[in-house]
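Colleague: Could you take me slowly through one part of this model, beginning with a single pair of facing residues and working outwards from there? I am new to the subject, so please explain each term when you come to it.

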Amino acid sequence: QVQLVESGGGLVQAGGSLRLSCAASRSILSINAMGWYRQAPGKQREFVASISSLSTNYADSVKDRFTVSRDNAKNTVSLQMNSLKREDTAIYYCYARVPNLSWGQGTRVTVSS
């Protein structure tokens, strides 16, 4: 297993940017699949982005605006979010498949108009 801690959430105006980080408690070199989900108020948790040793994947709603990356030396996964919209408001959760899913506690992102 691995413990994950997210940071970087906050309040931002529509059109702005935020960068979320997820710090793992151990080396992520052996963890192939990591990424982000989010849960908006009153909605189910939904996939945002994932990154493996071979590829990245994005939800259609964030494609071309969000970029997921990982730094194996620092044991972190990041999510750069640009051109934020009100509908991006949610709690963002980092995950790792090790092989069972491990989740962070989440970081809140609020986008105001």
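Modeller: Leucine 18 stands opposite methionine 81 in β8, where a strand is a DSSP run of E of at least two residues, numbered from the N terminus. The model is a predicted one, in which local features need pLDDT of at least 70 and side-chain atom pairs count only at pLDDT 80 or more, while totals for chains, interfaces and linings use all residues. Residues are numbered from 1 along each chain as its sequence is written, and side-chain values use heavy atoms, with hydrogens and water left out.

The facing pair belongs to a longer seam, for β3 and β8 run antiparallel and are joined by 6 bridges; two strands are said to pair if DSSP finds at least two bridges between them. In general, strands of a sheet pair through backbone hydrogen bonds, either parallel or antiparallel. Here, 4 strands make an open sheet with antiparallel pairing, in the order β1-β3-β8-β7. Because β1 (4–7) and β7 stand at the edges with a single partner strand each, one side of each is left without a neighbour in the sheet. From one strand to the next, the twist averages 15°, where the axes are lines fitted to C-alpha atoms and angles run from 0 to 180 degrees between N-to-C directions.

Strand β8 also leads to the interior. Methionine 81 is among the residues with the most contacts inside the largest nonpolar core, together with Trp36, Leu79 and Tyr92, and this core has 31 residues. A nonpolar core is a set of buried Ala, Val, Leu, Ile, Met, Phe, Trp, Tyr and Cys residues joined through side-chain atoms within 4.5 Å; buried means under 20% relative accessible area, exposed means over 50%, and partly exposed lies in between (1.4 Å probe, protein chains only). At least two residues of the core come from each of β3 (18–24), β4 (33–39), β5 (46–51), β7 (66–71), β8 (76–81), β9 (90–97) and β11 (107–112). If neighbours within four places in sequence are set aside, leucine 79 is in contact (heavy atoms within 4.5 Å) with Leu18, Arg19, Leu20, Trp36, Val48, Ala49, Phe66, Thr67, Val68 and Tyr92.

Strand β3 is also tied to β9 by a covalent link. The structure holds 1 disulfide, a term for a pair of cysteine sulfur atoms within 2.5 Å, and the partners are cysteine 22 and cysteine 94, whose sulfur atoms are 2.1 Å apart. Because cysteine 22 lies in strand β3 and cysteine 94 in strand β9, the pair ties together parts that are 72 residues apart in sequence. The torsion about the S-S bond is about -80°, so the disulfide is left-handed. Cysteine 22 is buried, with a relative accessible area of 1%, and cysteine 94 is buried as well, at 0%.

Strand β9 in turn pairs with β11 in the antiparallel sense over 3 bridges, and alanine 90 has valine 109 in β11 as its bridge partner. Valine 109 is also the bridge partner of glycine 10, for strand β2 (residues 10–13) pairs with β11 in the parallel sense over 4 bridges. The two faces of β11 can be told apart, since Thr107, Val109 and Val111 make up a covered face, whereas Arg108, Thr110 and Ser112 make up an uncovered one.

Finally, the loop between β8 and β9 brings in charged residues. A salt bridge is a side-chain nitrogen of Lys or Arg within 4 Å of a carboxyl oxygen of Asp or Glu, and by this rule the count comes to 4. Arg38, Glu46, Arg65 and Asp88 are linked in a network of such bridges. Aspartate 88 bonds in this way to arginine 38, with the closest N and O atoms 2.9 Å apart; aspartate 88 lies in the loop between β8 and β9 and arginine 38 in strand β4, so the pair ties together parts that are 50 residues apart in sequence. The side chain of aspartate 88 also meets that of arginine 65 in a salt bridge of 2.8 Å, N to O, and this pair links the loop between β8 and β9 with the loop between β6 (56–58) and β7, 23 residues apart. Both aspartate 88 and arginine 65 are buried. Arginine 38 forms a further salt bridge with glutamate 46, with the closest N and O atoms 2.7 Å apart; arginine 38 is buried at 5% relative accessible area, whereas glutamate 46 is partly exposed at 37%.
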